[in-house]
Amino acid sequence: MEGLSAEFMTIYLHVLGIKHNAILQDQDRQPIAYANLIALTLQCGESVSNTQFLNTCDAFSGELHRMSDELHDHEIEAIQKVLSKGGFLHLSRLEVREDMLGKCVDVHLMQAVVSLLGEKYQLCLMTVEAFPLQFEWAATSDSSSVPYLTDLSFLMAKEKLENYYAYKFGFVSLSSTSDHLICALPGYSAEIDQFGWTIKRIS
């Protein structure tokens, strides 16, 4: 879509540091953690309407489509005004190798992600959908598996994941009924109330 760029990337955390879009050849080089991300940024001098934003996200992936709908439904100011302040970073997946759990690897990786991508893009907002990975099989199977969404084990896992993102990275839910969370990136603050959300520059 003209004006708005969507780029998917995988960032791996190895013992010796960060590799961007790395290709792993063998188990000995297995990363201790990795994150899949999508950067949504305006091209220099361009603008984008809410409709263009929604259409771009819809064409890119179902995941980005759900995220854009949630942002649009709860916005206080138009998406194009927020994008003029900085791009969006959507966290699609974050995994830590089992033997490295509880060692703050996830925090170090995300700090490195924000630092690395902050040098390439002007970003103001990060989003994530709180969906427990252990239920991923059901989400990609036929419609007969949909009832898992009201299953107590799913709801408990989802709440635990939301609390994890809030505690570790400062994410907050767009609303009491939303599966999507946001957090402001360095230099910005996120404001959410009963009317919706917005992003402001920190002066």
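A residue counts as buried here when its relative accessible area is under 20%. By that cut-off D106 is buried, because its relative accessibility is 8%. Keep D106 in mind, as we will meet this residue again further on in this tour of a predicted model.

**The chain as a whole**

Let's start with the overall picture. The protein chain has six helices and nine strands. Of its 203 residues, 44% count as buried. Contacts across the sequence are also worth a look: among those between residues at least 6 apart in sequence, 66% join residues at least 24 apart.

**Strands and a buried threonine**

A good place to begin is strand β3, which covers residues 33–42. Eight of the ten residues in β3 are buried, so the strand is mostly covered, given that buried means under 20% relative accessible area. Its partner is strand β4, made of residues 87–96; the two run antiparallel and eight bridges join them. To find one of these spots in the viewer, look for L40, whose bridge partner in β4 is F88.

Strand β5 spans residues 123–129 and contains T127. Is T127 buried or exposed? With a relative accessibility of 1%, T127 counts as buried. Beyond its neighbours within four places in sequence, T127 is in contact with M67, L71, L89, H90, L91, F171, L181 and I182.

**Where two helices meet**

Now turn to helix α4 (residues 105–118) and helix α6 (residues 152–169). Their axes are 11 Å apart, and the helices pack at an angle of about 65 degrees. The crossing of α4 past α6 is right-handed. On the α4 side the meeting residues are D106, V107 and M110, and on the α6 side they are Y164, K168 and F169. Sorted by type, the residues of this contact comprise four nonpolar, two charged and no polar.

**Salt bridges**

Side chains of opposite charge can pair when their charged atoms come close. How many salt bridges does the structure hold? There are eight. Three of the pairs are set out below, with the distance between nitrogen and oxygen.

| Pair | N to O distance |
|---|---|
| R66 and E129 | 3.1 Å |
| K168 and D106 | 3.8 Å |
| K200 and E191 | 3.5 Å |

The pair of R66 and E129 links distant parts of the chain, since R66 belongs to helix α2 (residues 62–73) and E129 to strand β5, 63 residues apart. R66 is partly exposed, at 39% relative accessible area, whereas E129 is buried, at 15%. Strand β5 is also the home of T127.

Here D106 returns, as the salt-bridge partner of K168. K168 lies in helix α6 and D106 in helix α4, so this pair ties together parts that are 62 residues apart in sequence. K168 counts as partly exposed, with 29% relative accessibility, while D106 is buried at 8%. Both residues are also part of the contact of α4 with α6 described above.

In the pair of K200 and E191, K200 is partly exposed, with a relative accessible area of 41%. E191 counts as partly exposed too, at 36% relative accessibility.

One last group to look for is K158, E162 and D179, which are linked in a network of salt bridges.

Conventions
Residues numbered from 1 in each chain as written. Predicted model: local features only at pLDDT ≥ 70, side-chain atom pairs only at ≥ 80, totals over all residues. Heavy atoms only, no water. Buried < 20%, exposed > 50% of the residue type's maximum accessible area, 1.4 Å probe, protein only. Helix = DSSP H or I, 4+ residues; strand = E, 2+ residues; numbered from the N terminus. Pairing = 2+ DSSP bridges. Contact = heavy atoms within 4.5 Å. Axes fitted to C-alpha atoms, helices over the stretch in contact; angles between N-to-C directions. Left-handed = near helix turned anticlockwise from the far one by under 90°. Nonpolar A, V, L, I, M, F, W, Y, C, P; charged D, E, K, R; others polar. Salt bridge = Lys/Arg side-chain N within 4 Å of Asp/Glu carboxyl O.
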